[in-house]
Amino acid sequence: GRAPAWWSDAVVYQIYPRSFADSDGDGIGDLGGIIAHLDHLQALGVDVVWLSPVYRSPQDDNGYDISDYQDIDPVFGTLQQFDELLAAVHDRGMKLVMDLVVNHTSDEHPWFVESRSSPDSPKRDWYWWRKPRPGMAAGAPGAEPTNWHSFFSGSAWELDEDSGEYYLHLFSRKQPDLNWENPEVRRAVYAMMGWWLDRGVDGFRMDVINMISKDVTADGHLHDGRPVPGSPYGDGSDSYICGPRIHEFLQEMHREVFAHRSAELITVGEMPGVTVEEARLFTDPARAEVDMVFQFEHVGLDHGPGGKFDPRPLRLTDLKASLGRWQEGLEEVGWNSLYWNNHDQPRVVSRFGDDGPAHRVASATCLATLLHLHRGTPYVYQGEELGMTNAPFTAIEDFRDIESINHYRHAVAAGTDPAAVLAGLRWTGRDNARTPVQWTAGENAGFTTGTPWIPVHPNHDVVNAETEHADPDSVFHHYRRLIGLRHTEPVVVHGDFTMLVPDHEQVYAFTRRLGEVELLVVANVSGREVRPDLPDADAWAGTEVLLTNLPADGSARDPFLLRPWEARVHRRT
Ligand code: ISL
């Protein structure tokens, strides 16, 4: 077999710079703030830091709209400070991964400015320009070249009045999609990636990378998407999720960018809508595409018929079936990434746990234990290691995220009750993950000396890094122990995975086995005591307890009579 990759036992920590720490008092997190808090990451024990975008950007989508790939936005700092950060991360034995956003640029990127300047521009074909639907006038309702909706509400096409043509934007109108069919675009992207790698960065997290290949006919036609009930727009995802040339493009990128460079790099492709079968192809080392992917199945299980803003309760059996299938599907070939949270998802303790005072710590540590004992590479999103919770938003004015604000505007205009729209946003809105990291119990949670760009969560008096560093039973120290376990127990990294009691509605349990060593992981994912009927329970009862999330209560109780949100990891050889 192939030797395991250097990152196989690594844990990645995601920083969303805007909300991490502010060093200059403008209320927005920055590179100086990150440099000042690297001790926290080192104490946690993570191996890799992934930085959400810090490139020059109009900040329409908080930096996922890039106007210069080879500079740092002044709001975050300078290139020189970036080099300092990179050196400081490396000095601490960690690696630094950048966000690569190349499905689209900002509409203020010089490439797009040039492309838009005229239908005869040499860069016209770098983006997706199309005439109105045949027989229709530009700007008329329904004249867009396809019926696709944008992820951020409304049509995915924006009319350029000057030329009478539309350009494609799967996300905001300030995020025009690059045309990857054009080899000049691909060469420009690869050159930019090489420039960062030569500067010393250790890899990329690739934003919506499975959307770069669009299903287009030889004469340039794009197809309408499936109709969406109750919407004037259609779902074009069949035309751009894992499109016809996606594997070819990623293999080419690997050849041009990674193949001749250091082997100590790491790549993860963010891939909404990816199936486990596709993921096997993307992550099969023999195919040389990416090391791992972010899949979205488990974070869609609580979406109702109306989508992400129509939430419904999670059924634990669905979660186990889904994650279990991914464990199995990538067992022989490929590799999983493991995450509950990122900057687009609500906080996991509020979503799948219980963020009330009685159960916040127990449910956060219970969920963490489950995730970190799966096979794959765990990702920790800033604040998750503190058990940070969803935000107490009350009005639309509290939101900053373009997706949430656009959704509210469109839904209310279409006649939905504003209170109902707000309720949906409160559950799943991305700003839940974007409130400032809570460093202290003090003013603004120690995030800034100025006015934070988005309000600090009032619970920072209880939930904050300073308090948790000092408390061995905190969420922070539990994450630290989990990360340590991955570094010391090969079975956590390499062991095979067997799901137990898949139909149990309260208990999530599985075993991991590597040679003679076997782990039992069992968790009560509920606020009610439970005694699951585990296979082989008697034999496990007296075995070594590697880790638990609740303080021992001193009783000689049945170890598998699980208290609310109790999680246990047993080991035997
Ligand atoms: O939250 C979502 C919208 O409903 C997700 O679908 C999200 O937009 C999707 O995961 C893609 O996310 C990435 O690309 C976006 C950016 O806004 C997200 O922050 C980024 O993670 C466009 O660049």
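What follows is a walk through a few helices and two unusual loop residues in this structure, which is a predicted model.

A good place to start is helix 12, a run of twelve residues from 402 to 413. From its first C-alpha to its last, helix 12 reaches 16 Å, close to the 16 Å expected at 1.5 Å a residue. Its buried residues are Ile402, Glu403, Ser404, His407, Tyr408 and Ala411. The cover over these buried residues includes strand 15, at 307–311, and helix 13, at 418–428. Just after helix 12 comes Gly415, whose phi is positive, at about 100 degrees.

Helix 13 tells a matching story from its own side. Here the buried residues are Val421, Leu422, Gly424, Leu425, Arg426 and Thr428, and what covers them includes strand 15 and helix 12. Ala420 also lies in helix 13, but this residue counts as partly exposed because it has 14 C-beta neighbours inside 10 Å. Ala420 and Phe309 are 111 residues apart in sequence, yet their C-alpha atoms are 9.6 Å apart in space.

Next come two helix pairs, beginning with helix 11 (residues 360–372) and helix 15 (residues 475–488). The axes of helix 11 and helix 15 come within 10 Å and cross at roughly 15 degrees, so the two helices are roughly parallel to each other. Helix 11 passes helix 15 in a right-handed crossing. On the helix 11 side, the meeting residues are Val361, Ala364, Thr365, Ala368, Thr369 and His372; helix 15 brings Val475, His478, Tyr479, Leu482 and Arg486. Sorted by character, the residues of this contact between helix 11 and helix 15 come out as six nonpolar, four polar and one charged.

The other pair is helix 5, residues 183–199, with helix 7. Their axes sit 10 Å apart and the packing angle is about 45 degrees, which makes helix 5 oblique to helix 7. The crossing of helix 5 and helix 7 is right-handed. Helix 5 takes part through Arg186, Tyr190, Met193 and Gly194, while helix 7 offers Phe249, Glu252, Met253, Glu256 and Val257. The contact of helix 5 with helix 7 divides into five nonpolar, one polar and three charged residues.

Helix 7 spans residues 246–258, and Ile246 lies in it. Ile246 counts as buried because it has 25 C-beta neighbours inside 10 Å. Leaving out residues up to four places away in sequence, Ile246 touches Asn210, Ile212 and Ser213. Asp9, by contrast, is 28 Å from Ile246, C-alpha to C-alpha, with their positions 237 residues apart in sequence.

Finally, the loops hold a couple of backbone oddities. Most residues other than glycine have a negative phi. Ser153 has a positive phi near 75 degrees, and its place is in the loop between strand 6 (129–130) and strand 7 (157–160). Ser153 is buried, since 21 other C-beta atoms lie within 10 Å. Trp565 has a positive phi as well, near 60 degrees. This tryptophan, Trp565, is found in the loop between strand 21 (544–548) and strand 22 (567–572). Trp565 is buried too, with 26 other C-beta atoms within 10 Å.

Technical notes:
Residues are numbered from 1 along each chain as its sequence is written. This is a predicted model: local features need pLDDT of at least 70, side-chain atom pairs count only at pLDDT 80 or more; totals for chains, interfaces and linings use all residues. Helices (H or I, at least four residues) and strands (E, at least two) are DSSP runs, numbered from the N terminus. The expected span of a helix is 1.5 Å times one less than its number of residues. A residue is buried if 20 or more other C-beta atoms lie within 10 Å of its own, exposed if 12 or fewer, and partly exposed in between; C-beta atoms are placed from the backbone. Two residues are in contact if their C-beta atoms, placed from the backbone, lie within 7 Å. Axes are lines fitted to C-alpha atoms, for helices over the stretch in contact, and angles run from 0 to 180 degrees between N-to-C directions. Angles under 35 degrees count as roughly parallel, over 145 as roughly antiparallel, 65 to 115 as roughly perpendicular and the rest as oblique. A crossing is left-handed if the near helix is turned anticlockwise from the far one by less than a right angle, and right-handed if clockwise. Ala, Val, Leu, Ile, Met, Phe, Trp, Tyr, Cys and Pro count as nonpolar, Asp, Glu, Lys and Arg as charged, and the others, Gly among them, as polar.
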